[in-house]
Amino acid sequence: MVPETSLNRRRFLASLGATGAALATSSWLEAIGYAQAARGPARALIQQPRLGADFDRRVLGSFLEHLGRAIYTGVYQPGSSLADAKGFRTDVVREVKEIGVPIVRYPGGNFVSGYNWLDGVGPKPQRPTVLERAWNSMETNQFGTNEFIDWCRMVGSEPLLGMNFGTGSAEMAVAYVEYCNYERGTKWSDLRRAHGYEKPHNVRYWCLGNEMDGPWQIGQMQAREYGRKARDAARQMRVIDGNLQLIACGSSGTNMPQYLIWDREVLEECYDQVDGISLHAYYGNTQALTRNSSARYLAMNLDMDRQIREIAAVCDYVQGLRRSNKRLWLSFDEWNVWYRARTGDAVNGRRQFAPKLLEEVYNLEDALLVGGFVNTLLRNAERVRVACLAQLVNVIAPLVTNDTGVLRQSTLFPYAWALRYARGRVLDLRVESDMYPITGAGLQADFARNDQVPFVDVVATLDSQNGQACVLMLNRDLDGERELALEWRDITPTRVLACETLTGPDLKAFNTFEQPRRVAPQRLDSPAAGARMTFKLPARSYTVAQLAITT
Ligand code: AHR
């Protein structure tokens, strides 16, 4: 019997032949559904996946760290005219609630590796001020776990808590689970109740440390040493709460000398005790990463695709070694553009409270690439169950506060579109697109590759319950409009409900409090709904279409 997927594939290839498209693509891109087309309009065949469930919305999560102004003056600013009785910034609450962030990772990041969670609970006047060593800042502990949980409930997000595997012991990590999740009648659960939280927080997702392979990390470890600590802590945690989802620390980047080896060794130690493994990546348009080429830069979400495939392969390899029935999922719990505010005073708090750190200003090209990352995460959502845009407010963030309000940076829009429109199942896509070459000469090793990059990058989702589909389209062509013909199989769009694009003449344009809409969504003329729809994607653009459908 020929499997359905290869039938689909054959039909696809046959139909490409019928249009005279060149089938030159031999690279790994083919595996993610892209084929080289002759010059001319790009084309995407869209069909229902044969199997599969709705994607996990946690793949569109975000992150808040005790770092710079993320917490203090970002989400928490008692005394501000914008704060509520608990000290939460109401303007930020409104924004986060409106975009609907499903899960938020907290409290770090590097911060967590020196954090004593006990400092941040209990009566506020008694909480100690400490010198925080990851970012050399003053930490007053006026915002801690319980405030974070309250804030999450207020904005409608699920908490994803990180544990200190740097200076912290397995014992204190386990105590943290007991404090948060155990009903009553034990040392730590009764402490929580004494702090005014009668009911357990029931935090389900936990990170077992942060970037423990990094020389910059407080308490950096060797892979096997970390893997054994993770195994031991995880075992104990599951005694406290059998419902946990535990994420082991994977490599903190593709440029790490032990990339993939770290992941293999960690998993060889703790595969049976964990559910997922973390991936982190930050990107930039720099001499070393792109030779300052915007064309190479906009292809970087394909590097994210590769990283996902590589880490998944390591997981599957260890699964085989362990003869395990369990398939690990991936938690891409730090991803973003971050390359400007990355050295010197931008990363050194100089013992100040809420210093200005990592305050990256995002432009149009950053936003287009963030759109690309969203596409990559969605098309890999079968494997990537959790992912966090790092971070949410002020620190490498789409939202920035000052004393009078909150600014939406360019990168907010693609992220917010995915949150708003992408729902249900991720559809099966076969795309043929004209491509452009990228070359690796002189680039940092993990980005140094010669390849062909499709001008057009597309994903689509289908929400059968509400009868709606969403298509997210990146046009990487810096100079020209690109046509993209969507050909729907088994699904027929009946109406275009929304169509917006993010574009502009200046890739380097950015928003400020004075000019908050220099980079902002614009309405785009869309084709009539139907089985074949040709979108005209502006040069340098990211576009969303929301469609009513019948299946
Ligand atoms: O998100 C900023 C920092 O980047 C985090 O603290 C750390 O985990 C990563 O290196």
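In which pocket does the ligand sit? In this predicted model, the ligand is housed in the second largest pocket. Let's look at the ligand's immediate neighbours, and then at the pocket around them.

**The shell around the ligand**
- There are 13 residues around the ligand, and those that come nearest are Glu65, Asn110, Glu211, Tyr282 and Glu334.
- By residue class, this shell holds six nonpolar, four polar and three charged residues.

**Polar contacts and cover**
- Glu334 has an N or O atom in its side chain 2.6 Å from an oxygen atom of the ligand.
- Asn110 takes part through its backbone, with a polar atom 2.9 Å from an oxygen atom of the ligand.
- Gln391 contributes a polar side-chain atom, which lies 3.0 Å from an oxygen atom of the ligand.
- On its own the ligand has 280 Å² of accessible area, and the protein covers 96% of that.

**The pocket itself**
- The volume of the second largest pocket is about 780 Å³.
- Its lining is made up of 40 residues, with Ser252, Gly253, Asn255, Tyr282 and Arg342 lying nearest the pocket centre.
- Tyr282 is thus worth a look in the viewer: it is among the residues that come nearest the ligand, and also among those nearest the centre of the second largest pocket.
- The lining residues of this pocket divide into 19 nonpolar, twelve polar and nine charged.
- Strand E10 (276–283) and helix H10 (300–322) each provide at least two residues of that lining.

How values were computed
Residues numbered from 1 in each chain as written. Predicted model: local features only at pLDDT ≥ 70, side-chain atom pairs only at ≥ 80, totals over all residues. Heavy atoms only, no water. Near = heavy atom within 4 Å. Polar contact = N/O pair within 3.5 Å; in protein donor to acceptor, adjacent residues only side chain to side chain. Areas by Shrake-Rupley, 256 points an atom, 1.4 Å probe, with all protein chains shown as cover. 1 Å grid on protein atoms, 1.4 Å probe; cavity = no way out; pocket = protein on both sides within 12 Å on 5 of 7 lines; lining within 4 Å. Sits in = over half its atoms within 2 Å of the grid points. Nonpolar A, V, L, I, M, F, W, Y, C, P; charged D, E, K, R; others polar. Points joined across faces, edges and corners; volume = space filled by probe spheres on them. Helix = DSSP H or I, 4+ residues; strand = E, 2+ residues; numbered from the N terminus.
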